[in-house]
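Student: I have a chain in front of me and would like to learn how to read it. Can we go through it by question and answer?

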Amino acid sequence: MKRLLLIFVLVGCGSTTKAESVVLTPIKPMSTRVTVVITAPPTTIKTPPPFNMGDFITEQRNLHGKCGEFHDLAISVGWTEKQWPDLSRIVHRESRCDVRAHNKTDPMSGSRGLMQINGYWCKSVKYNPSGWLQAKGILTTCEDLYDPITNLRAGLAMWNYNDQRGKYGWSPWNL
């Protein structure tokens with residue numbers, strides 16, 4: 001009894017619009033060759049429109065208000081929906097939603113990023129020789145405040161610090 005090895009192959013995984021032929025060779029030489037024709041149905045691939053950052057920002061601001069493009073990021077780092085309206089107002093007032101904002105006229109080498117966090121929080125001071133935000137493990141240098149994730153995390157840590165001490169959480173921003 002002769003054995004024949006059959007292998008089924010999906011050619012192109014549906015990305016082809018024409019039939020493909022596959023020639024299978026038996027395990028032991030035989031005088032007959034087997035040809036298998038596999039036909040894949042035609043497929044239509046719809047290419048999405050190119051991403052437009054301007055449209056995204058407009059859409060997010062329509063959904064979430066000022067600086068709405070940072071809403072989901074803020075929520076993902078720990079800010080709450082209840083805090084969002086105030087946070088949005090602060091980010092807009094402080095930086096106009098610009099992650100690269102730097103106010104050099106503020107003390108301690110200025111304020112940086114979305115929430116305009118002052119250098120006091122990331123510089124060596126009497127009570128925090130490595131810097132308060134460094135001691136919390138939030139950043140390495142003040143320059144890290146230009147990263148929106150780090151900036152929002154730092155702002156939340158500052159908010160929590162003030163809130164836990166019985167102060168108004170927003171007091172660093174004079175809300």
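Student: Which residue forms a salt bridge with Glu69?

Tutor: This is a predicted model, where local features need pLDDT of at least 70, side-chain atom pairs count only at pLDDT 80 or more, and totals for chains, interfaces and linings use all residues. Residues are numbered from 1 along each chain as its sequence is written, and side-chain values use heavy atoms, with hydrogens and water left out. A salt bridge is a side-chain nitrogen of Lys or Arg within 4 Å of a carboxyl oxygen of Asp or Glu. Here the closest N and O atoms are 2.8 Å apart, and the partner of Glu69 is Arg61.

Student: Is Glu69 buried or exposed?

Tutor: Buried means under 20% relative accessible area, exposed over 50%, and partly exposed in between (1.4 Å probe, protein chains only). The partner, Arg61, has 35%, so Arg61 counts as partly exposed. Glu69 has a relative accessible area of 15%, so Glu69 is buried.

Student: How many salt bridges does a search of the whole structure find?

Tutor: Side chains of opposite charge can pair when their charged atoms come close. One of the bridges joins Glu94 to Arg93, with the closest N and O atoms 2.9 Å apart. Glu94 is partly exposed at 27% relative accessibility, and Arg93 is partly exposed at 40%. For the whole structure, the search finds five.

Student: What separates Arg89 and Asp86 along helix H3?

Tutor: The side chains of Arg89 and Asp86 meet in a salt bridge, at 2.9 Å from N to O. Arg89 is partly exposed at 42% relative accessibility, and Asp86 is partly exposed at 21%. The two are three residues apart in helix H3, so their separation is about one helical turn.

Student: Which elements does the chain have, and in what order do they run?

Tutor: Helices (H or I, at least four residues) and strands (E, at least two) are DSSP runs, numbered from the N terminus. The chain has five helices and five strands. From the N terminus on, the order is β-β-α-α-α-β-β-β-α-α.

Student: How many disulfides are in the whole structure?

Tutor: A disulfide is a pair of cysteine sulfur atoms within 2.5 Å. Cys67 and Cys97 fit, with sulfur atoms 1.8 Å apart. Cys122 and Cys142 fit too, at 1.9 Å from S to S. The search finds two.

Student: Where do Cys67 and Cys97 lie?

Tutor: Their link is left-handed, with -80 degrees about the S-S bond. The pair links distant parts of the chain, 30 residues apart. Cys67 is buried at 1% relative accessibility, and Cys97 is buried at 10%. Cys67 lies in the loop between helix H1 (53-64) and helix H2 (71-77), and Cys97 in the loop between helix H3 (84-95) and strand S3 (102-103).

Student: What is the handedness of the link of Cys122 and Cys142?

Tutor: Cys122 is in the loop between strand S5 (117-118) and helix H4 (132-135), and Cys142 is in the loop between H4 and helix H5 (148-164), so the pair ties together parts 20 residues apart in sequence. Cys122 is buried at 4% relative accessible area, and Cys142 is buried at 6%. With 110 degrees about the S-S bond, the link is right-handed.

Student: Which are the edge strands of the open sheet?

Tutor: Strands of a sheet pair through backbone hydrogen bonds, either parallel or antiparallel. Two strands pair if DSSP finds at least two bridges between them. Three strands form this open sheet in the order S3-S4-S5, with antiparallel pairing. Each edge strand pairs on one side only, and the edges are S3 and S5.

Student: Which residue in S4 is the bridge partner of His102?

Tutor: S4 covers residues 111-112 and pairs with S3 over two bridges in the antiparallel sense. The partner of His102 in S4 is Arg112.

Student: Where does pLDDT stay under 50?

Tutor: pLDDT is the predictor's confidence in each residue, from 0 to 100. The chain has a mean of 85, and 81% of its residues reach 70 or more. The stretch under 50 is residues 4-17.

Methods. Contact = heavy atoms within 4.5 Å.
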